[in-house]
Amino acid sequence: MAQYPELTFGMQAVRKAGEQLKGKLLVGADGGISEAHMVFTIANSWRDSHFLPMRSIFLSTTYKLRKLKIGGDMAARPKRMASIRRKLRESSTKLDQMQDLGGCRAILDDIAGVHALLDQIRHDFPHGIRKEWPYIDQPKLDGYRSHHVVFHFNPRQRAQDIYEGRRIELQVRTRLQHSWATAVEAVGLFNGEDLKHHHGSPTGCACLNSFRRSSHMWKGVRSPKAFLNDSSASRR
């Protein structure tokens with residue numbers, strides 16, 4: 001285990017840490033190791049073990065975009081600890097079963113690129129697909145649209161075998177769909193409300209309803225330029 005410092009703790013310890021993260025954690029006053037310190041050490045260790053799989057899926061997806069000449073950008077980042085704790089509190093998900101401790105995002109120029117990338121991933125990709133959530137064709141109730149794919153990490157070298165099975169999420173969306181999701185977060189941040197997770201005042205919820213009603217506009221738009229052209233034409 002010394003070769004993999006992020007894998008120091010066993011699964012039983014990870015599951016226990018996940019349960020403890022839901023509640024208040026005690027801070028030691030006697031100079032010893034506090035409960036909070038130990039729980040966060042274990043939880044961060046488990047999250048960090050998803051970095052290598054996340055990077056691998058990021059690079060594999062980037063390669064597919066270049067090969068298919070699909071316009072767009074890629075991003076990747078681990079889930080923040082505050083988001084992990086909120087998800088553990090608000091759902092039945094366990095820490096060791098969380099699908100998005102490592103997440104990648106493909107923000108593509110148009111919906112054609114989204115479909116092309118997803119087709120390629122389903123037919124030729126080094127990592128197995130565990131599950132898909134087609135939120136573009138079947139948006140969430142708040143209007144959120146993005147296609148989510150959760151991968152099962154397949155090691156390509158023997159040295160990576162210890163990471164086998166790590167779950168990494170890839171979100172695929174258009175630039176307009178990304179702008180919509182970013183706008184919801186920005187309005188929530190400006191108002192000091194968590195609109196993304198449906199926590200807000202009546203005014204905030206009214207804003208979210210407005211976003212929901214407008215989200216259908218982003219489903220099949222070919223590109224931002226096409227959207228602007230179509231909008232201009234409709235006003236004539």
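This is a chat about the nonpolar cores and aromatic rings of a predicted model.

Trainee: Which residues have the most contacts inside the largest nonpolar core?
Mentor: They are Leu108, Leu117, Leu170 and Val172, in a core of 20 residues; a nonpolar core is a set of buried Ala, Val, Leu, Ile, Met, Phe, Trp, Tyr and Cys residues joined through side-chain atoms within 4.5 Å. Buried means under 20% relative accessible area, exposed over 50% and partly exposed in between, with a 1.4 Å probe and protein chains only. Because this is a predicted model, local features need pLDDT of at least 70 and side-chain atom pairs count only at pLDDT 80 or more, while totals for chains, interfaces and linings use all residues. Residues are numbered from 1 along each chain as its sequence is written, and side-chain values use heavy atoms, with hydrogens and water left out.

Trainee: And which element gives the most to this core?
Mentor: That is α5, with 5 residues; helices (H or I, at least four residues) and strands (E, at least two) are DSSP runs, numbered from the N terminus.

Trainee: Switching topic, how many aromatic pairs are there?
Mentor: The structure holds 2, where rings of Phe, Tyr and Trp (its six-membered ring) pair if their centres lie within 6.5 Å, with planes under 30 degrees apart stacked, over 60 edge-to-face and the rest tilted. The rings of Tyr135 and Tyr144 have centres 6.1 Å apart and planes at 70°, so this pair is edge-to-face.

Trainee: Is Tyr135 buried or exposed?
Mentor: Tyr135 is buried, at 18% relative accessible area, and Tyr144 also counts as buried, at 12%.
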